[in-house]
Amino acid sequence: MKIAILSRNKRLYSTRRLVEAGEAAGHEMHVIDTLRCYMSMVAHKPEIHFKGEVLEGFDAVIPRIGASITQYGTAVVRQFEMMGVFPVNESVAISRSRDKLRSLQLLSRKGVGLPITGFAHSPDDIPDLINMVRGAPLVIKMLEGTQGIGVVLAETRKAAESVIEAFMGLNVSVMVQEYIKEAGGADIRCFVVGGKVIAAMKRQAAPGEFRSNLHRGGSASLIRITPEERATAVRAARIMGLNVAGVDILRSNHGPVVMEVNSSPGLEGIEQATGKDVAGMVIKFIEKDARPYRTQTKGSKG
């Protein structure tokens, strides 16, 4: 098969591993800079151009789209879909998961365990907003933040009020969540492929830090997850419509709660912590699902 990887940097670990796994399975792999793609919309003949060439004959596309280019990146994925190319994650699912508030609303509606989360616009509502999430300590998150950036732990009510007021004053949208103290600064990243958890790792925050992101100095280790955690991760990915997802879960006193569903989960931490060929499993999923998709959808996407 001819497979495109949408990535801004072919030297990134995740991109390199997908290329290696695809080539090892006998596929033709192409790394394409998302922002260098440009599109032509003509009746019955949608096209994508890249550095003066028309991209043709692709069977599948793997989106590795950073949060900062979500809008343009999903437009490129959507164009591939219009051309009948199988997307590992569809454009609408990527957009859905990138909107933190929307994703939590959808998960909540379906009964998936979540930290109590509040969202408000007026500074007048801050006191009740804090009460809503059971008071301080609490976590304040920018809706646009990634890799732990824009996430603040407010340990007192006064600090929470000041931080929320400051964000609102800058016209920055934030949501407020209860602090799951019993998690001990650790979360679980479940890697879901094709409706199954194929690998899981525990991420532990660095000393003095409450964010467990590996980019912020957290450490990763192998972990055995419970059937409830496994089912929660699979449901969360399915509700988002994602075939490949990193589902971040906290262990709370009232069961597993989902913090985030990531549509472009990194491979380095999970492969090193588990010793599994996660990239190879993504390629196997594509082998199984790409050709039927192309046959069924060519000319019918809308």
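The following legends describe close-up views of a predicted model.

**Figure 1. Asp248, a residue listed by UniProt, in strand β15.** In an unreviewed entry, UniProt lists Asp248 together with Glu260 under "binding site". Asp248 belongs to strand β15, which covers residues 244-252. Its relative accessibility is 5%, below the 20% limit, and Asp248 therefore counts as buried. Apart from neighbours within four places in sequence, Asp248 is in contact with Asp187, Ile188, Arg189, Arg203, Val257, Val258, Met259 and Glu260. With one of these residues, Arg189, the side chain of Asp248 makes a polar contact of 2.5 Å.

**Figure 2. Glu260 and Asn262 in strand β16.** Strand β16 consists of residues 255-262 and contains Glu260; Asn262 is found in strand β16 as well. The unreviewed UniProt entry lists Glu260 and Asn262 for "binding site", and Glu260 is also listed there with Asp248. Glu260 has a relative accessible area of 34%, a value between 20% and 50%, and is therefore partly exposed. When neighbours within four places in sequence are left aside, the contacts of Glu260 are Lys100, Gly246, Val247 and Asp248. For Asn262, with such neighbours again left aside, the contacts are Arg189, Leu242, Val244, Ala245 and Gly246. Gly246 is thus among the contacts of Glu260 and among those of Asn262.

**Figure 3. The open sheet that includes β15 and β16.** Five strands are arranged in the order β14-β13-β12-β15-β16, and their pairing is antiparallel. The edges of this sheet are β14, residues 219-222, and β16, each of which pairs on one side only. From one strand to the next, the twist averages 30 degrees. In general, strands of a sheet pair through backbone hydrogen bonds, and the pairing is either parallel or antiparallel. At one end of the order, strand β13 (residues 196-204) is joined to β14 by four bridges, and the two run antiparallel. Within this part of the view, Gln204 stands opposite Ser219 in β14.

**Figure 4. Helix α7 packed on the five-stranded sheet.** Helix α7, formed by residues 227-240, packs on the sheet and touches β12 (186-193), β13, β15 and β16. The direction of α7 makes about 135 degrees with that of β15. Strand β15 is also the place of Asp248, and β16 is the place of Glu260.

**Figure 5. Helix α2 and the buried residue Gln79.** Helix α2 spans residues 70-82 and includes Gln79. At 1.5 Å a residue, the 13 residues of α2 should span 18 Å, and the end C-alpha atoms are indeed 18 Å apart. The buried residues of α2 are Thr70, Gly73, Thr74, Ala75, Val76, Val77, Gln79, Phe80 and Glu81. Gln79 has a relative accessible area of 6%, under the 20% limit, and is therefore buried. Beyond residues up to four places away in sequence, Gln79 touches Met39, Ser40, Met41, Pro46, Glu47 and Ile48. Helix α2 is followed by Gly84, which has a positive phi near 80 degrees.

**Figure 6. The open sheet of β3, β4 and β5, with helix α2 across it.** Three strands form this sheet in the order β3-β4-β5, with antiparallel pairing. Its edge strands are β3 (37-40) and β5 (53-54), each pairing on one side only. Two bridges connect β4, residues 47-50, to β5, and these strands run antiparallel. His49 stands opposite Val54 in β5. Helix α2 lies across β3 and β4 and runs at about 50 degrees to β3. The contacts of Gln79 in α2 include Met39, Ser40, Glu47 and Ile48.

**Figure 7. The parallel pair of β1 and β2.** Strand β1, made up of residues 2-6, is mostly covered, with four of its five residues buried. Five bridges join β1 to strand β2 (residues 28-32), and the two strands run parallel. Ala4 stands opposite His30 in β2.

Key. Residues numbered from 1 in each chain as written. Predicted model: local features only at pLDDT ≥ 70, side-chain atom pairs only at ≥ 80, totals over all residues. Heavy atoms only, no water. UniProt positions renumbered as here; feature names shortened; annotations may be inferred. Buried < 20%, exposed > 50% of the residue type's maximum accessible area, 1.4 Å probe, protein only. Contact = heavy atoms within 4.5 Å. Polar contact = N/O pair within 3.5 Å; in protein donor to acceptor, adjacent residues only side chain to side chain. Pairing = 2+ DSSP bridges. Axes fitted to C-alpha atoms, helices over the stretch in contact; angles between N-to-C directions. Expected span 1.5 Å × (residues − 1).
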